[in-house]
Structure formats: C-alpha cells, structure tokens
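Here are some short exercises to help you find your way around a new structure. Try each task by yourself, then follow the worked solution.

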Amino acid sequence: MKDSTKLIFKKHGWRVDRAIHNYIYFVFYYPYVKTVEVLLRGLKYLTWFKPLAPLGRMAFNRYHAKVLSGKDIEKILTLNEDVSVLSEENRRAIPFKYAYKIIFQEPEFIAVMDCPCKLATNAPAWSINSCLAVGKDLATFWLEHCEKYNARRISQEEALDLVRKFRDEGYVTQAFFKVATGGGTGVICNCHPDTCVSLIASRHGVKLRPDLSQSVESGYSVIRDAEKCTDCGICESFCHFQAIQWKDGNFLYNRELCMGCELCVEHCPEDALTLYRDPGKSLPLDLDLLRETE
C-alpha cells in the first residue's frame with residue numbers, strides 16, 4: 001500500500017467506509033463524476049417531483065463548493081504556512097452540515113490534473129487540465145494514483161497563472177468540500193456553469209428547493225460607480241448567474257443572485273465595479289478573516 005493511501009485511512013480513522021470512498025473517488029475520478037453527470041440528466045426532468053428533495057439535501061450536504069473571489073484564491077495559492085481552521089464558526093463561511101473544515105497542510109505542494117467534470121461534459125480540450133490539489137497529502141495521492149488523468153506537480157506561481165488564465169476566460173473559481181474526502185478543502189477548480197457538474201447540479205437542484213445548491217456564494221456583493229460606467233455591458237457577459245443585466249440602457253443588479261465571483265469586477269474596463277463584503281451573506285473564505293474569527 002502506498003504511503004498516500006495509508007494517510008487516507010489514517011485521516012478517516014474508524015470510518016473505513018469513508019476511506020474507501022475517498023480512494024475510489026479520486027482513483028476512478030472520471031467514471032465517478034460521469035455517473036453523477038448522467039444521473040443529473042434525468043434529474044432535470046424530475047424537478048417537479050418534490051419527494052426527491054430530501055435525497056437531494058442529503059447529497060448536497062455531503063458534497064459542495066464555495067465560490068472564491070480572485071483575491072481570496074490568491075491568498076490560498078500564496079500560503080507559506082499550514083492552516084487548520086476547524087471551528088464550528090466555519091459554518092458561517094461554509095454553511096453546510098458536514099463538510100466544512102478548512103485545512104491546508106504544506107500548501108506550497110500543489111498538483112494539477114484533468115477535471116472529471118470537463119471530461120464528462122466534453123469541454124474544450126485546452127480547459128481539461130484544471131483541477132488543483134493544494135496540500136502535500138492530497139497532491140501526493142494524485143501524483144501516485146492519477147497518472148491517467150495527467151496529474152503533475154506545479155509551483156504556486158504556476159497555479160496562480162493557471163487560475164488567472166481561466167478567470168480571464170470567464171471561469172469561476174471554487175473550493176470543494178466533501179465528506180468522503182475528510183470534510184475539508186484542498187481541491188480548487190476552475191469551473192464553468194456549462195461544464196461543471198456541481199454547478200449543473202445546483203441549477204437543477206434549486207428547481208426542487210431553493211436550498212438545494214451545491215455551491216455557496218463567496219460572501220461578497222458588487223457595487224457600481226455610475227460616473228465611471230460607460231454602459232458597455234461587458235459585466236453582463238461575464239455574469240453566469242444572471243445577477244447583472246442591462247435592459248433599455250439601465251443597469252439591473254440582483255444582489256441575491258450574485259455569487260460574488262468577482263469576474264465582472266475584473267473584466268470591467270473602466271473599474272466601475274467594486275466587490276464588497278456583504279454582511280447579509282456567508283463569510284468569505286478569506287484566510288485572514290477566518291483566522292480572526294476562530
């Protein structure tokens with residue numbers, strides 16, 4: 001048994017079932033996610049069937065993602081010390097029942113491999129190699145077990161460049177949390193609503209119930225400076241969540257729909273949009289902020 005496999009069993013303790021699930025999840029990453037993607041095709045035709053909602057909540061409580069702003073992902077990918085924030089207060093940032101641990105051990109050790117969601121949804125070839133493992137334990141497991149998914153080690157600078165490349169193309173950055181992988185983060189991916197199984201699941205799930213979403217907003221909202229704005233409409237083209245719309249020359253912003261991904265801010269040519277921490281939303285996954293609230 002490889003050392004990285006032993007670490008999985010050690011992490012899960014007596015929950016051998018979760019350790020096995022953890023192993024299967026990554027070693028058979030693509031067929032696992034492909035199966036979920038196929039099931040989701042049927043889910044969208046069953047959104048009228050309310051008894052499915054409890055099953056959906058059970059699944060969504062065990063596997064979900066936190067949208068990250070550009071600034072918050074930069075803090076993660078430039079860490080030079082371990083971070084372990086295990087407090088119940090984490091649920092203010094990761095408002096789910098089970099998986100909410102924020103753990104980055106030896107965060108300078110990063111691996112990237114093919115994204116199973118993008119493989120399952122026939123995403124453009126250039127976008128496939130895009131899933132990041134931040135932390136030595138998880139990254140080493142990928143390197144030892146996931147050669148078929150083109151796993152390779154990269155530097156923090158290369159990881160930042162990769163994220164920036166995807167954000168330039170309008171991809172949302174998300175940190176994933178899963179009970180089967182220990183309830184903590186470590187997986188960061190560059191997601192598009194058309195090729196991310198998690199975002200697709202959320203889109204279908206909220207039709208069953210508003211709380212059936214696998215992705216939680218970043219904790220930020222957007223404010224517009226009307227004097228700087230030239231009404232170019234670029235912000236709308238980068239908003240995947242219909243929070244920004246231009247109608248009859250008017251800027252319409254729906255704060256509740258906004259996931260605070262910061263793409264509109266980054267792509268505004270006039271710097272007319274600003275991200276702000278919204279007290280009416282979950283706490284951002286801002287490592288500095290979370291250390292203060294521990």
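## Exercise 1: A residue in a loop

Once its neighbours within four places in sequence are set aside, D278 is in contact with G219, Y220, S221 and R255. Keep in mind throughout that this is a predicted model.

**Task.** Find the loop that holds D278, and decide whether D278 counts as buried or exposed.

**Solution.**
- Step 1: Look between β13 (273-277) and α12 (287-293); the loop there contains D278.
- Step 2: Read the relative accessibility of D278, which is 5%.
- Step 3: Buried means under 20% relative accessible area, so D278 counts as buried.

## Exercise 2: Two more loop residues

**Task.** Place C261 and H192 in their loops, then list what each touches beyond four places in sequence.

**Solution.**
- Step 1: C261 belongs to the loop between β12 (250-253) and α11 (263-267).
- Step 2: With a relative accessibility of 9%, C261 counts as buried.
- Step 3: Not counting residues up to four places away in sequence, C261 touches V67, L68, S69, G70, R167, V172, S218 and F241.
- Step 4: Now compare sequence with space: C261 and Y171 are 90 residues apart along the chain, yet their C-alpha atoms are 9.3 Å apart.
- Step 5: Turn to H192, in the loop between β8 and α9 (197-208). H192 is buried as well, at 18% relative accessible area.
- Step 6: Leaving aside neighbours within four places in sequence, the contacts of H192 are G170, Y171, L199 and H240.

## Exercise 3: Walking across the sheet

**Task.** In what order do the strands of the seven-stranded open sheet stand, and which strands are at the edges?

**Solution.**
- Step 1: A useful reminder is that strands of a sheet pair through backbone hydrogen bonds, either parallel or antiparallel.
- Step 2: The order is β6-β4-β5-β8-β7-β1-β9, and the pairing is mixed.
- Step 3: β6 (152-154) and β9 are the edge strands; each has a single partner strand, so one side of each has no neighbour in the sheet.
- Step 4: Start from the β6 edge. Strand β4 (residues 110-114) and β6 run antiparallel and are joined by three bridges, with I110 opposite I154 in β6.
- Step 5: Add the helix that packs on the sheet: α8 (residues 156-168) touches β1, β4, β5 (129-134), β6, β7 and β8 (187-191). The directions of α8 and β5 make an angle of about 135 degrees.
- Step 6: Continue to β5 and β8, which run antiparallel with two bridges between them; here L132 stands opposite I188 in β8.
- Step 7: β7 and β8 also run antiparallel, joined by five bridges. I188 in β8 is the bridge partner of A175.

## Exercise 4: Strands with covered faces

**Task.** Work out how many residues of strand β1 (residues 63-68) are buried, and find the strands that pair with β1.

**Solution.**
- Step 1: Count the buried residues of β1: six of the six, so β1 is largely enclosed by the rest of the structure.
- Step 2: Check each face. Y63, A65 and V67 are buried on one side, and H64, K66 and L68 are buried on the other.
- Step 3: β1 pairs with strand β7 (residues 172-178) in the antiparallel sense over six bridges, and Q174 in β7 is the bridge partner of V67.
- Step 4: With strand β9 (residues 215-216), β1 pairs in the parallel sense over two bridges. A65 stands opposite S215 in β9.
- Step 5: Look at β8 in the same way: five of its five residues are buried. V187, C189 and C191 cover one side, while I188 and N190 are buried on the other.

## Exercise 5: Two helices that cross

**Task.** How do helix α2 (residues 16-27) and helix α7 (residues 136-145) cross, and which residues make the contact?

**Solution.**
- Step 1: The axes of α2 and α7 come within 10 Å and cross at roughly 55 degrees.
- Step 2: The two helices are therefore oblique to each other, and the crossing is right-handed.
- Step 3: The contact is made by Y23, F26 and V27 of α2 together with L138, F141, W142 and H145 of α7.
- Step 4: Sorted by type, these contact residues are six nonpolar, one polar and no charged.
- Step 5: Finish with burial in α7, where A139, T140, F141, W142 and H145 are buried. The buried residues of α7 pack against α1 (3-12), α2, β4, β5 and β8.

Note on methods:
Residues numbered from 1 in each chain as written. Predicted model: local features only at pLDDT ≥ 70, side-chain atom pairs only at ≥ 80, totals over all residues. Heavy atoms only, no water. Buried < 20%, exposed > 50% of the residue type's maximum accessible area, 1.4 Å probe, protein only. Pairing = 2+ DSSP bridges. Contact = heavy atoms within 4.5 Å. Axes fitted to C-alpha atoms, helices over the stretch in contact; angles between N-to-C directions. Parallel < 35°, antiparallel > 145°, perpendicular 65-115°, else oblique. Left-handed = near helix turned anticlockwise from the far one by under 90°. Nonpolar A, V, L, I, M, F, W, Y, C, P; charged D, E, K, R; others polar.
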